[in-house]
Amino acid sequence: MLRLPNASRLSLLVCLFLASVLLLTGACGGGAPDGGDAGGGDADGGDAGDGGDAGDGDGGDVADGDFTRFEIHSAPADWIDDYRAGVALMMTRDTTDPTSWQYQANIHGVPGDFSSCPAETAPNQVAWSTCQHGQFFFLAWHRMYLYYFERIVRDAVAEATNGARTDWSLPYWDYEQFHALPEPFRVPADSSNSLFVSERAGNCNNGDNNCVSAATGSATDALDTVPVCSCPSGEPSCDGCLPNLFPSQTFFGGLVPGATHFGSATGELESQPHNVVHNAIGAGGWMSDPNCAARDPIFWLHHANIDRLWQVWLNQGGGRVDPIQSATWKDEVFTFFDVENGMTVERQMTGCEILNMATQLDYTYEGVPVDNVVLCGGPQPATASVASVTAARELASNDTDVGLGGGRSNLSVKVPVSATASSVGEDEEYLVVVDDLELLAQGAFYQVYLNLPEGTEPDPEGPHFLGNLALFGHVPEQMEGHGGVRYSRTYDISDNVRELSGRGEWTGDVDLTFVRGNPAPATASAQPDTFIRVGKVAVTHRR
Ligand SMILES: [Cu+2]
């Protein structure tokens, strides 16, 4: 597979950079720093669970989370029945009750006239439409969202089971291992099942084993990505993130000045697998519409998996750290609701309070240790002001106006051959930048191939596959004001260029083929002509 990302090249730079500002001598290569020693206290998230064990200063790797989030296939047998009962109970509550299913879903986004689920009729409430996407708050906000949601469901499960289950926790769905939509969410396929939603991709609700295929659900590129977050384009330095990188070359995404409902600086994990899985399940239905997605009970298992992958990423060490060099990331306050002794209470939370899931939030994922966590009260990193990654040079670009629809689309860029050396060094990076992307309709995702020979079947397991393209956001009708968000997505083709150059076969042609990755729903008449418009394709080079 020729799709190794930039990790090896950038990790060294980032490690050197981190070592200089963080003095984390153990952060690169060898053992993970046993971070957090100095610190737990200031960010003990006192409202978290029975919080007494927070702030015990043992930081990183002590799993004192009382609640275990199981992979759904290994959860206790009645765990899902209890979820079903809790969800059903929440659905009976009034929409303006923060512990209702509808209120919780509306925190993510409120459906309107152009949504794939019925428009909300209740007046706007506290914290509605506050989900964070397309920038570096994505992971933190969703961890908080899941945490409080889980506590509300746990309370509802206890009520629905007359106190028989008081230790319920949110399962996750590891779709890299299990490709079919878990059965309880599709059987029985009627209103007696609170976990069933009809507005999903037909193949998912049919139990097809390719609902989320291996390539669709892959987190390999995200886990390999080392840089934490990116500065706004063109800024030589910023508040704790790295300049000269595209957001998709980072794990968390791009820095923004404050809470941003939908930004355009999407990090790698958010793009792949997060966005792709949303569209694979939703296919134009609820999961692919941010204003409806959280109404689908599978949403929460998808996001639990994303939240788990964050810790899996950190556990690898090698320079992977949370964005606590950024005051913006640490200090931004988000609002949620909790239940405590039968009372509904409003809560505020910051990034510093959710870094260690075990000690601060009282949960862990089955089989995932909590390592390499640095808490805010620990050794304080200096402000990142050094440009540690050199700027990339644009070799060639092509302004396009190509709409991606139901079939196959091609785009090409001619890279001047003279611009590329006959041999490409290990530390060189070539990127394809698919730029100026506009989301016109929700529900599709595309497989992107490089120089796919004529007559060759597109194969996401084959050598021409670069990755997927999926946008998850509002379409023009759903946006207030005018002017849509313009996204970009990068694909590292360094290894492809290196291999071809080595054989003297690198012609400089960059031909991209976009193939719709998910089947069109049965109601094909309702299919939009164009899901995504591509405005530009470029090739950049960094030495
Ligand atoms: Cu999501």
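**Strands 10 and 11**

I started with strand 10 (residues 446–450), which pairs with strand 11 in the antiparallel sense over four bridges. This is a predicted model, so I keep that in mind for everything below. For the register I picked out Val448, and found it standing opposite Gly467 in strand 11. Then I looked up how covered strand 11 is: residues 465–469 make up the strand, and five of its five residues are buried.

**The four-stranded sheet**

Next I went to the open sheet of four strands. In what order do the strands run? I read 7-14-9-12, with antiparallel pairing. Which strands stand at the edges? Those are strand 7 (393–404) and strand 12 (486–492); each has a single partner strand, so one side of each lacks a neighbour in the sheet. I also noted the twist, which averages 20° from one strand to the next.

I then followed strand 7 to its partner. Strand 14 (residues 532–542) pairs with strand 7 over nine bridges, in the antiparallel sense. A handy marker for the register here is Asp399, which stands opposite Lys536 in strand 14. A reminder to myself: strands of a sheet pair through backbone hydrogen bonds, either parallel or antiparallel.

**Helix 3**

Is helix 3 buried or exposed? I went through residues 101–108 and got eight of eight buried, so the helix is largely enclosed by the rest of the structure. The buried residues include Trp101, Tyr103, Ile107 and His108. Gln102, Gln104 and Asn106 are buried as well, and so is Ala105.

What covers the buried residues of helix 3? My list includes helix 2 (79–92), helix 4 (138–160) and helix 8 (298–315), and strand 4 (334–340) is on it too.

**Disulfides**

How many disulfides does the structure hold? Five; I wrote up three of them.

Cys117 and Cys292 came up in my notes with their sulfur atoms 2.1 Å apart, forming a disulfide. I have -90° about the S-S bond, and the link is left-handed. This pair links distant parts of the chain, 175 residues apart: Cys117 lies in the loop between helix 3 and helix 4, and Cys292 in the loop between helix 7 (268–282) and helix 8. I checked the burial of both ends, and Cys117 and Cys292 are each buried.

Then I took Cys229 and Cys241, a disulfide with sulfur atoms 2.0 Å apart. Its S-S torsion is about -90°, so this disulfide is left-handed. Where do the two ends sit? Cys229 is in strand 2 (residues 229–230), while Cys241 is in the loop between strand 2 and strand 3 (253–254), twelve residues apart. I have both Cys229 and Cys241 down as buried.

The last one I wrote up is Cys352 with Cys376, where the sulfur atoms are 2.0 Å apart. The torsion about the S-S bond is about -90°, so the disulfide of Cys352 and Cys376 is left-handed. Cys352 sits in the loop between strand 5 (343–349) and helix 10 (357–361). Cys376 sits in the loop between strand 6 (363–365) and strand 7, and the two are 24 residues apart. Cys352 is buried, as is Cys376.

**One more cysteine**

Before closing the notebook I looked up Cys131. Buried or exposed? Cys131 is buried, with a relative accessible area of 0%.

Methods: Residues are numbered from 1 along each chain as its sequence is written. This is a predicted model: local features need pLDDT of at least 70, side-chain atom pairs count only at pLDDT 80 or more; totals for chains, interfaces and linings use all residues. Side-chain values use heavy atoms; hydrogens and water are left out. Two strands pair if DSSP finds at least two bridges between them. Axes are lines fitted to C-alpha atoms, for helices over the stretch in contact, and angles run from 0 to 180 degrees between N-to-C directions. Buried means under 20% relative accessible area, exposed over 50%, partly exposed in between (1.4 Å probe, protein chains only). Contact means heavy atoms within 4.5 Å. A disulfide is a pair of cysteine sulfur atoms within 2.5 Å.
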